[in-house]
Amino acid sequence: MELINIKVIYFAVLRDLAKKKEELLSVDPGTTPQSLYDMLQEKYSFPNQNTFKVAINDNFTEWNEPLDQQDIIVFMPPVTGG
Amino acid sequence: MNHFIISEDEINIVEFNKQFKNPNAGAISSFQGIVRNNNLGKDVLRLEYQSYDRLAEKEGGNIINEALETFDIESAYCTHRTGVLEIGDIAVVVIVLAGHREDSFKACRYIIDEVKLRVPIWKKEIYQNGDSGWLKGAG
């Protein structure tokens, strides 16, 4: 099966832990933000994502949404602007 | 112009306010969020803000539109800084123009409250003792 090529952009604590702003990844078909985060959590010791939100291509989305080719994924810790 | 803007540039409040004039507005309410030198008992040296700019401007625009639909106001604008900010710098500013004061106050409060809850911006505190950390947020 053809792998899905995606980009992940990191912010805040995730950028510090991953030590990079973004990266290109090739993942299995059927990968969701949840399964992607689980893999990255293992790789970079990311915190639990219970209170996080996720966006695909600049839209808030669900954790079980299957990823497509060229998707851009952003995991968002609770926001602290202001 | 966009009504919600993320910017690395310093906010000059006088110049910011000059942009907004409306002959129907008898009231202007504004809010400024300022970098202060302490939080939760720690001495803060400076702040660093990161933003997911595209989604932040989209969600911020949604909040402005909600305020326009909910309150009897003429217009509303918000700018939020990113990058490294020093004590006393303006981190965020909201300005609302309305016919009368009551809804200008209410809309201004609504906008800053929702921005703090929903817009993907993150704040890192750098402390006097050399430590630093991203704030946890409300979750």
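Here are legends for four close-up views of a predicted model.

**View 1. Helix α3 of chain B, from one end to the other.** This helix covers residues 101-118, 18 residues in total. From its first C-alpha to its last it reaches 26 Å, close to the 26 Å expected at 1.5 Å a residue. If you like to pick out side chains as you go, look for B:Arg101, B:Glu102, B:Phe105, B:Arg109 and B:Leu117, which are exposed.

**View 2. The buried face of α3(B) and what it packs against.** Which residues of α3(B) are buried? They are B:Asp103, B:Ser104, B:Ala107, B:Cys108, B:Ile111, B:Ile112, B:Glu114, B:Val115 and B:Arg118. Looking down the helix axis, you will find these buried residues within an arc of 165°, so they line one face of α3(B). The exposed residues, B:Phe105 among them, are on the other side of the helix. Within chain B, the buried residues pack against β1 (4-7), β2 (27-34), α2 (53-70), β5 (73-81) and β7 (90-98). They also pack against a strand of the partner chain, β4 (59-61) of chain A.

**View 3. The interface of chain B and chain A.** The two chains bury about 2000 Å² between them, with 57% of that area on carbon and sulfur atoms. Three residues are worth finding here: B:Gln50, B:Tyr52 and B:Trp122 supply 31% of the area that chain B buries against chain A, more than any other three residues. The contact involves 26 residues of chain B and 19 residues of chain A. Across the interface there are 15 residue pairs in polar contact. On the chain B side, β4 (42-51), α2, β7, α3 and β8 (121-127) each supply at least two of the residues that touch chain A. The count of salt bridges between the chains is 2. One of the residue pairs to look for is B:Arg54 with A:Asp58, whose side chains meet in a salt bridge at 2.7 Å, N to O.

**View 4. Two loop residues with positive phi, A:Asp58 and B:Leu40.** Most residues other than glycine have a negative phi. A:Asp58, the salt-bridge partner of B:Arg54, has a phi near 70°. A:Asp58 lies in the loop between β3 (53-56) and β4 of chain A. B:Leu40 has a positive phi of about 50°, and is found in the loop between β3 (38-39) and β4 of chain B. Is each of these residues buried or exposed? A:Asp58 is buried, with a relative accessible area of 15%, whereas B:Leu40 is exposed, at 78%.

Definitions and conventions. Residues numbered from 1 in each chain as written. Chains lettered and ligands numbered in written order. Predicted model: local features only at pLDDT ≥ 70, side-chain atom pairs only at ≥ 80, totals over all residues. Heavy atoms only, no water. Helix = DSSP H or I, 4+ residues; strand = E, 2+ residues; numbered from the N terminus. Expected span 1.5 Å × (residues − 1). Buried < 20%, exposed > 50% of the residue type's maximum accessible area, 1.4 Å probe, protein only. Arc of directions from axis to C-beta. Contact = heavy atoms within 4.5 Å. Buried area = accessible area lost by both parts, 1.4 Å probe. Salt bridge = Lys/Arg side-chain N within 4 Å of Asp/Glu carboxyl O. Polar contact = N/O pair within 3.5 Å; in protein donor to acceptor, adjacent residues only side chain to side chain.
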